[in-house]
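Please open the model in your viewer and keep the sequence panel beside it, since this tour moves from one selection to the next. At each stop, make the selection and then compare the view with the description.

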Amino acid sequence: MPLIEWAQAKINLSLRILGRRADGYHQLETLMQTLRFADRLILEERPSGIELCCDDVRLSLGPDNLVHQAASLLTAAFPGHGVRISLQKRIPWQAGLGGGSSDAAATLRGLNRLWRLGLSLTQLIGLAAQLGSDVPFFVVGGLAVARGRGEQIIPLNVHLDFAVALLVPPFGLATADVYRAWRPVDQPTVIWSTLQQALADRDQRQILNSLHNDLEQPAFALRPELATVKHNLVLGGFPVLLSGSGSCLFVLLLTDADARRLHDLVPAGYQLITTRFSPLLTEMSAGEDWPDTEI
Ligand code: C5P
């Protein structure tokens, strides 16, 4: 029987860079949330080998693919297994939505089930950290704080239910380029716990004041049009922030009227995806059909 794993997108509600590290990475404190918008992986057992196929022909299917790397990590530790993975991409690339990292985490979760490896959450997180800074978060999903280079996860046992609009530009941004363009600035006074409280209270003004991303300035320096788009949305009264290293901007939709009003403000060439906050989706919780995202 093939297995389905959902690889959800994320947004960063808050991202602070605390400094550059000796290993070239940046020390982070970020508040992340998974969304009801996902890629889908179908995993089928094979006697041996890793076979990967994808509906997006632009994606490399070789060893540089994070799904392939995740499967290789497990076959190295647990020889004698094989798999065919069909990856169905929906999450845009280089958007700061964590698509590749989420695919890798979904592969670890899926193979743990398919091959009945019995790996614990802690073991999966350890493996995930070898694949990329964001991958451990996607093993857990929901609302969580990530520290270190992003691999130290503190899950927050809070289920916030917000509608969110993703504004995907017609260009992507390479994560490494955005981090490289970052310069130390005075630390903002806002901390993630203030934002978490504001979200729980649905305190619109406090939410607006608390959304923060230290990667906005470098991303806006690389792509000044993003600053213009954000500026126009803020003038319209929308809480808007760059997700991760971009290029996607997201807008928290606090009322139904907001969602209707936003449609008229989407710049030409930008894709609008309307979705919701969501804890980790499983085959049990979400079934096999695509989550009800409006694109
Ligand atoms: O860990 P990952 O391979 O996903 O990171 C991609 C790139 O993003 C790194 O090569 C690095 O340039 C940058 N990065 C960083 N600090 C972090 C996470 C990522 O500088 N905490």
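Begin by selecting strand β5, residues 143–148, where 5 of the 6 residues are buried, so that this strand is largely enclosed by the rest of the structure. As you look at it, keep in mind that this is a predicted model.

Next, add strand β2, which covers residues 26–46, and you will see that β2 and β5 pair in the antiparallel sense over 6 bridges. To find one position along this pairing, pick Thr 30, which stands opposite Ala 146 in β5.

Now add strand β6, residues 152–156, which runs antiparallel to β5 and is joined to it by 5 bridges. Here Arg 147 has Gln 152 in β6 as its bridge partner. If you follow the chain from β5 into β6, you trace a hairpin with 3 residues between the two strands, and in the turn you can pick out Gly 150, which has a positive phi of about 125°.

**The ligand**

Select the ligand and display the residues around it, which are Gly 24, Tyr 25, His 26, Leu 28, Gly 132, Ser 133, Arg 149, Thr 175, Ala 176 and Tyr 179. Which atoms of these residues should you look at? With His 26, look for a polar side-chain atom that lies 2.7 Å from an oxygen atom of the ligand. With Ser 133, a polar side-chain atom again lies beside an oxygen atom of the ligand, at 2.5 Å. With Arg 149, look instead at the backbone, where an N or O atom lies 2.9 Å from a nitrogen atom of the ligand. If you then switch to a surface view, bear in mind that the ligand has 450 Å² of accessible area on its own, and that the protein covers 72% of this.

**The four-stranded sheet**

Move on to an open sheet of 4 strands, whose order is β9-β10-β7-β11 and whose pairing is antiparallel. Why is one side of β9 (240–242) and of β11 (271–276) left without a neighbour in the sheet? Both strands stand at the edges and each has a single partner strand, so one side of each remains unpaired with any neighbour there. Turn the sheet until you look across its strands, and you can follow a twist that averages 25° from one strand to the next.

Within this sheet, select strand β7, residues 163–168, and β11, which run antiparallel and are joined by 6 bridges. One pair to label is Val 164 with Thr 275, its bridge partner in β11. Then add helix α9, residues 224–235, which lies across β7, β9 and β10 (249–253) and runs at about 160° to β9.

**Four single residues**

Select Thr 293, which you will find in the segment after α11 (283–286). Is this residue buried, exposed or partly exposed? Its relative accessible area is 21%, so Thr 293 is partly exposed, given that buried means under 20%. Leaving out residues up to four places away in sequence, Thr 293 touches Arg 36, Phe 37, Ile 273, Thr 274 and Thr 275. For a sense of distance, draw a line from its C-alpha to that of Ser 210, which is 83 residues away in sequence and 26 Å away in space.

Go next to Glu 5 in strand β1, residues 3–20. Glu 5 counts as buried, with 7% relative accessibility, and its side chain makes a polar contact of 3.2 Å with the side chain of Arg 109. Beyond residues up to four places away in sequence, the residues that Glu 5 touches include Asp 39, Leu 41, Ala 106 and Arg 113.

Then select Phe 137 in helix α4, residues 135–140, which counts as buried because its relative accessibility is 0%. Apart from neighbours within four places in sequence, its contacts are Lys 10, Met 32, Gln 33, Thr 34, Gly 142, Ala 144 and Ile 153. The C-alpha atoms of Phe 137 and Gly 98 are 9.8 Å apart in space, while the two residues are 39 residues apart in sequence.

Finish at Phe 78, in the loop between α1 (66–77) and β4 (82–88). Phe 78 is partly exposed, with a relative accessible area of 27%, and, leaving aside neighbours within four places in sequence, it is in contact with Leu 117 and Leu 119. As a last line to draw, connect the C-alpha atoms of Phe 78 and Ala 221, which are separated by 46 Å and lie 143 residues apart along the chain.

How values were computed: Residues numbered from 1 in each chain as written. Predicted model: local features only at pLDDT ≥ 70, side-chain atom pairs only at ≥ 80, totals over all residues. Heavy atoms only, no water. Pairing = 2+ DSSP bridges. Axes fitted to C-alpha atoms, helices over the stretch in contact; angles between N-to-C directions. Contact = heavy atoms within 4.5 Å. Near = heavy atom within 4 Å. Polar contact = N/O pair within 3.5 Å; in protein donor to acceptor, adjacent residues only side chain to side chain. Areas by Shrake-Rupley, 256 points an atom, 1.4 Å probe, with all protein chains shown as cover. Buried < 20%, exposed > 50% of the residue type's maximum accessible area, 1.4 Å probe, protein only.
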